[in-house]
Amino acid sequence: MGLRLETPLYLLLLLPAALYLYWVWKSTARMDGRRRKAVLAVRGAVVLLLVLALAGLQTVAAIERQAVVFVADRSDSVARDDALAAWIQAASTAKEADDAAGVVSAGANASVERQASEAAIERFAFGGEIDGRYTRLDEALRLAGALLPEDASPRIVLLSDGKENVGDAAAQARLLRDRGVPVDVVPLASAQRSDAAVEALRLPERLYKGERYAVEADIESTFAGEAVLRIYEDNREIASRSIELTPGANRFVLQGIAFEEGLHRYRAELYAELDQVSANNAAYGFSRVEGPPRALLVEGSEGEAANVANALDASLIPYELVAPELLPLELIDYAAYDSIVLVGVPATRLSERRMQLIEQAVRDYGVGLVMIGGEQSYGLGGYFQTPIERALPVYMDLRGKREMPSLALMLVIDKSGSMSDGKLELAQEAAARTAELLRERDTIGVLAFDSAPWWVVEPQPLTEKDDVIERIGSIAADGGTDIYPAVAEAFAKAKDIDAQRKHIILLTDGQSASNQSYEALAEQMVEAGVTLSTVAIGNDADQRLLERLAGLAQGRYYFTNDQSTVPAIFSREAVLISRTYVVDRPFVPAAAQAPDWQPLFAGGLPEVRAYVATTPKETAEVALASPEPDPLLARWQFGAGKAVAWTSDAAGKWAPDWVSWDRFPETFAGIVKWTFPAFGAAPMEVETKISGNEADIRVRVGDADRAEFGNLVATVTDEAMNVRQVELEPTAPGEYAGRAELLQPGAYLARIERSGGGTEEGPTSAAAVAGFVVPYSPEYRIGGRDGTEALVQIAELTGGRVLDFERPEDAFAAPTEPKLRVAGLHRELLAAALLLWVADIALRRLQLTRTALRRFMPRRSARGEAVPPTEQPGAATAAERLRRKLSAERAARPEQPSRAAHPSAPASPKAQAPAHPAPAPPPAPPAPAADPSSPEAGTDRMSRLLEAKRRRGRL
């Protein structure tokens, strides 16, 4: 071990330090010799320690030990966690006591399993969360390099099959080489399994309606056997074939016909009994079928959309007619249509997911949306605060436009234990949405019940809306179910409220524990003008009781198996009970905005008898208005798409003159056509390329349009509706590129628009929509290159070794290079300087004589016992000694005359007969002003002596 200075130049401070010590020697001239030398020595030591601390005094020792970090490839192509853990544990048994060992796991991500430490690795098992779908070694090597201590000979041992498909391990190896860190490699064999994989699916990028096309599927297999290959267009199976697989490459061709226009996703799926890996059994493809625009017609009740369908037929617009429950559940299926038309569809028949998909298809991918009214639409249909309301140009509630009847609404919500699987949360959202819909002068009460009722919100005017909503969110699921006491309690409160409309909404998913007379209770409710609607959730609810109770109390009964429709049911009930949203006064619409639609209305318009009242949004255009004025026909741009609202019906009940109007087909077809996207004329070409787990998006703009484009943004949406924005940067004139990280295999849609284009409140500049697929990870591909060559390259780059999996003890058998362990001493130096500084203060401030020290030293009595310092001779204080001395002097003086003045005092025997007369005392000094024999004079003398002593001590 040795010493060294990190910054030796600070030693130059010793020169001014010497001058300082000379000054200290001169300033302590009044001290006695030994004390003066001690002060100088201590002060010099303090200065020296401070200078050494500034100069960075360090200890240097040569250390010969190893630090090895194991990097274990735990991706799915290896899948040998137990074997790798056993190998690492066996390798660690060969390390010396002071060697350090650590472990890092590698997959798509990297995780530290064990910090590099000298402790032995015993009973080791992997615990880090690793995504095994990809192999990324560079991140794991970087993390391992960061764990290596500086005072040991470093080394990394990489256990992998070398089949890296993300990142660049060779680049990281070069960085480790520059740091002097060798990487030993242990080649692993890939897991051998019976496997068949769909390597690729090929079909034409563009097709025409009615065109026959070939679908080619490339399949790689490790076994021979039977399998079934199925081809899907979107989610519809279009071909199925039994095939015979042989080991190696297989290619199969299936035929299809392009029936429907639009962008379609194709999927090939393979089924084989001998296949042990399912992650590679599907491949995807996209194709756009050219043809006339196509609409998706959604009908609320049978025959309600017949007039709209006839109008589309007359204009040769193809469409598909479906019920709300049959709407697709994937975004790509909506992208196959140019417009979606909802005719009399209530929100209670649309799940939350379907409404979100429709909103996203309009906003992000330019699909049009048309809603046609009726008794099941808009506010009457329960669309308040739904994704459909966000996409439409009108609000569902009436915002201070007309006088509405006062309303008292009691919400009776089942909070039993069976409501804990998400039902209660949706019931809370429904209650909160209903509170948002009501006005301040309306009365609301929220009663939760299990085996007994409990008022969450006592009936009160809705003046503190936020507080009411917060209390609604505090309901917790627990207990049994008893309906009758809850309904009776709600009725008891509602009947005494002063309101024009009194209504109770009961929601439950179970059976009542008691069976009392609901008929008598319902009769009392009818007499008091209180109505009751019931909502049954799931098949376990007492549907017969709830339906009968709603009928007896003149309300409505709802049954749903889709919990997400509960908020729509509640908001629909809140609108229906007010009985104000339907305006049934005949009128002739007045043309307002939308000048490009004026030719459709030329020559006069038919009469409208009724419509659903709504409120136009701030940026919407009202093409036709009622005398109220309320919007009858409104439109706006919503993101990349367009949306239209027609608030009357199309079945002929509210607007019979319109459906019999000879220009009705042309007018409604023109309205639907206005919502069609214009992507067909987009001046862009979009290409995608998959690299590992990333998608490179490249866009080319035509020469004539380059000057009009600034920056571009790609909105990428996966099958789970997760959206991410990708900035596309210019790479060449008219060319843009960006990269999106996409770990999940599947089908993706990308919308390309000018940066800052699409918003919910104004026009968008979206120009193109493209579909692309991310195939399954290369981790699951059969065959491929051998990764051993890549591992050997890493070892050669870093000066490492190629180890045998059968000899784990070789991990610590590499030669070590001595490392210098350097430890700074600045803390120790500063601590010593601080202690010496305290000693310096003591030497200068305290005078420790030999006599003073003797008083604190213990003495022994004649018996050998320790005598306390306070009982030892000389332990008295200086003041006491002075007092004793003065008393002795007074006793030695001759007797004062005052004593002779008392003859009665007996004389001492010695005074009466002295044997020898005492010698005469020496002449006394001149008498002071006061009597020196008095106690006061003695005290003054003692004070002067003490003061002189203190002055001497300060010198």
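Which residue forms a salt bridge with Glu233, and how far apart are the closest N and O atoms? Select Glu233 and Arg236: these two form the salt bridge, with the closest N and O atoms 2.4 Å apart. Keep in mind that this is a predicted model.

**Stop 1: around Glu233**

Stay on the pair and colour by accessibility. Glu233 is buried, at 2% relative accessibility. Arg236 is partly exposed, with a relative accessible area of 37%. Now jump to a salt-bridge network. Select Glu359, Arg363, Asp364, Arg390 and Arg751 together; salt bridges with shared partners join these residues into one network.

Next, select Arg230 and Glu237. Their side chains also meet in a salt bridge, at 3.8 Å from N to O. Arg230 is partly exposed at 25% relative accessibility. Glu237 is partly exposed too, at 40%.

**Stop 2: a long-range pair**

Zoom out. The whole structure holds 42 salt bridges. Pick the one between Arg781 and Glu199, where N and O are 2.5 Å apart. Trace the chain from each end. Arg781 lies in the loop between β40 (766–774) and α18 (788–798), and Glu199 sits in strand β8 (residues 196–202), so the bridge ties together parts 582 residues apart in sequence. Arg781 is partly exposed at 32% relative accessibility. Glu199 is partly exposed as well, with a relative accessible area of 22%.

**Stop 3: a charge without a bridge**

Side chains of opposite charge can pair when their charged atoms come close. Now look at a residue that has no such bridge. Select Lys617, in the loop between β30 (615–616) and β31 (621–625). Is Lys617 buried or exposed? Lys617 is buried, yet has no salt bridge. The nearest side chain of opposite charge is Glu389, 6.2 Å away. A salt bridge needs the nitrogen within 4 Å of a carboxyl oxygen.

Show what surrounds Lys617. Leaving aside neighbours within four places in sequence, its contacts are Glu389, Arg390, Ala391, Leu392, Pro393, Val394, Tyr395 and Trp636. Arg390 is one of the residues in the network from Stop 1.

**Stop 4: Pro629**

Move along the chain to Pro629. Pro629 lies in the loop between β31 and β32 (631–638). Pro629 is exposed, at 58% relative accessibility. Add Pro589 to the selection. The two prolines are 40 residues apart along the chain, and their C-alpha atoms are separated by 9.9 Å.

**Stop 5: helix α17**

Select residues 664–674, which make up helix α17. Which residues of this helix are buried? Show side chains for Phe664, Thr667, Phe668, Ala669, Ile671, Val672 and Trp674: these are buried. Now show what they pack against. The partners are helices α6 (306–314) and α16 (656–659), together with strands β18 (339–343), β19 (368–372), β32 and β33 (641–646). Strand β32 also bounds the loop that holds Pro629.

**Stop 6: two surface patches**

Switch to a surface view and colour by charge. Select Glu436, Glu440, Glu464, Asp466 and Glu470. These five gather in a patch of negative charge on the surface. Centre on Glu436, in helix α10 (residues 423–437). Glu436 is partly exposed, with a relative accessible area of 33%. Patch members must have over 30% relative accessible area.

What does Glu436 touch, not counting residues up to four places away in sequence? Select Phe384, Gln385, Lys465 and Ile469 for the answer. Then add Leu462. Glu436 and Leu462 are 26 residues apart in sequence and 9.5 Å apart in space, from C-alpha to C-alpha.

For the nonpolar patch, select Leu834, Trp837, Val838 and Ile841. Together they make a surface patch of about 370 Å². Trp837 is found in helix α19 (residues 826–845). Trp837 is partly exposed, at 47% relative accessibility.

**Last stop: the whole model**

Reset the view and switch to cartoon. The protein has 24 helices and 43 strands. Of its 955 residues, 49% count as buried. Return to the surface: the protein exposes about 46,000 Å², with carbon and sulfur atoms supplying 52% of it. Finally, open a contact map. Among contacts with a separation of 6 or more, 74% join residues 24 or more positions apart.

Key: Residues numbered from 1 in each chain as written. Predicted model: local features only at pLDDT ≥ 70, side-chain atom pairs only at ≥ 80, totals over all residues. Heavy atoms only, no water. Patch = residues over 30% accessible without salt bridge, like charges linked within 9 Å, V, L, I, M, F, W, Y side chains within 5 Å. Areas by Shrake-Rupley, 256 points an atom, 1.4 Å probe, with all protein chains shown as cover. Lys, Arg positive; Asp, Glu negative; His and termini not counted. Charge placed at Lys NZ, Arg CZ, Asp CG, Glu CD. Helix = DSSP H or I, 4+ residues; strand = E, 2+ residues; numbered from the N terminus. Buried < 20%, exposed > 50% of the residue type's maximum accessible area, 1.4 Å probe, protein only. Contact = heavy atoms within 4.5 Å.
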